[in-house]
Amino acid sequence: MKNLNHEDLVKMITNAFSGSVYPGDDALVPHFDRDLERQRIMEFFKRKRWEDLSFQSIDSGYQGEGSVCLYFMTTEALRYYLPAYMVITLDEFDDAEFFADTVVRTLTPPEAGSEDFKQFIAWAASFSQEQREAVKQYLLYMSENHADDFQLEGAPDIALNRFWRKLLL
C-alpha cells in the first residue's frame, strides 16, 4: 500500500476505529493512582466519544496539558482515544505538535525483551488488523511529512522500525 494523503488517512483512521467501544467511565484512568491529573482526565473524558474531540475542545476544555492525557489513561482508554489524537495531529499539526509527540511516543515500543515490551505487544495485539494498518500509515505519514518536527528527531521512524513496519501480530 502506498503512503496515503492527509484526507485518505483521516478516512482510514476513522473507518478503522469507528466500531471502538467506549471503555466506561470507571475505566478511563487506573484505579490505584487517581491523583489530580488523572481525576481531571477522568472528568474531562467521561462519556466523550473519540469522534467528537478536537484540538480546540481539549485545549480549551481540559484544565491541564491536553497533549499528555494519553500517558495517564488505562490501556483500554488509550486504545479508544488514540484515533482522536491521531486525527487532531493530522488536521492541526502546527497547533497540535505536542499531541503528535505524545501519539508517536505512545506508539513506540520499548526495546525488545523487556517486560514493558511484552506489555506493549499485548496492547498492540488488541487492535484489529485494520487498526494496526491505520497506525502504520499514520506513522509513515508523520515520518514523510514531519520527521524533523518531533522532540526526538525521526521519532516516527523509530516506532515504525521497532514494531509497526513489521506488523508482527
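Is Glu43 buried, partly exposed or exposed? In the predicted model described here, Glu43 has a relative accessibility of 46% and is therefore classed as partly exposed. Glu43 is engaged in a salt bridge with Lys46, in which the closest N and O atoms are 3.8 Å apart. Lys46 is likewise assigned to the partly exposed class, because its relative accessibility is 27%.

The pair formed by Glu43 and Lys46 belongs to a set of 7 salt bridges in the structure. Another salt bridge joins the side chains of Arg47 and Asp25, with an N to O distance of 3.0 Å. Arg47 is located in the loop between helix H2 (36-45) and helix H3 (55-61), whereas Asp25 is located in the loop between helix H1 (6-17) and H2, so this pair ties together parts of the chain that are 22 residues apart in sequence. With a relative accessibility of 63%, Arg47 counts as exposed. A salt bridge is also found between the side chains of Asp52 and Arg49, again with an N to O distance of 3.0 Å. Asp52 is exposed, its relative accessible area being 52%, while Arg49 is partly exposed at 43% relative accessibility. Through salt bridges that share partners, Arg49, Glu51 and Asp52 are joined into one network.

Attention now turns to the interior. The largest nonpolar core comprises 56 residues, and those with the most contacts inside it are Phe45, Tyr81, Tyr138 and Trp164. Helix H5 supplies the largest share of this core, namely 11 residues. When neighbours within four places in sequence are set aside, Phe45 is in contact with Tyr22, Leu28, Leu53, Cys69, Met73, Tyr81 and Tyr85.

Met73, one of the contacts of Phe45, occupies the loop between helix H4 (69-72) and helix H5 (75-91). Although placed in a loop, Met73 is buried, because its relative accessible area of 9% falls under the 20% cut-off. Its C-alpha atom is 5.6 Å from that of Leu28, although the two residues are 45 residues apart in sequence. Residues up to four places away in sequence being excluded, Met73 touches Leu28, Val29, Pro30, Ile41, Phe45, Leu78 and Tyr81. Leu28 thus appears among the contacts of both Met73 and Phe45, as does Tyr81.

A further group of buried residues is found in helix H9 (residues 155-164), where Ala155, Pro156, Ala159, Leu160, Phe163 and Trp164 are buried. These residues lie on the same side of H9, because they cover an arc of only 140° around the axis. An α-helix has 3.6 residues a turn, so residues three or four places apart point the same way. The cover over the buried residues of H9 includes helix H6 (97-106), helix H7 (115-125) and helix H8 (129-146). Trp164, one of the buried residues of H9, is also among the residues with the most contacts inside the largest nonpolar core.

Contacts between H8 and H9 can be followed at Ser143. This residue lies in helix H8 and is buried, with a relative accessible area of 15%. The side chain of Ser143 makes a polar contact with the side chain of Asp157 at 2.8 Å. Beyond residues up to four places away in sequence, Ser143 touches Pro156, Asp157 and Leu160; of these, Pro156 and Leu160 are included in the buried set of H9.

Technical notes: Residues numbered from 1 in each chain as written. Predicted model: local features only at pLDDT ≥ 70, side-chain atom pairs only at ≥ 80, totals over all residues. Heavy atoms only, no water. Buried < 20%, exposed > 50% of the residue type's maximum accessible area, 1.4 Å probe, protein only. Helix = DSSP H or I, 4+ residues; strand = E, 2+ residues; numbered from the N terminus. Arc of directions from axis to C-beta. Contact = heavy atoms within 4.5 Å. Core = buried A, V, L, I, M, F, W, Y, C linked by side-chain atoms within 4.5 Å. Salt bridge = Lys/Arg side-chain N within 4 Å of Asp/Glu carboxyl O. Polar contact = N/O pair within 3.5 Å; in protein donor to acceptor, adjacent residues only side chain to side chain.
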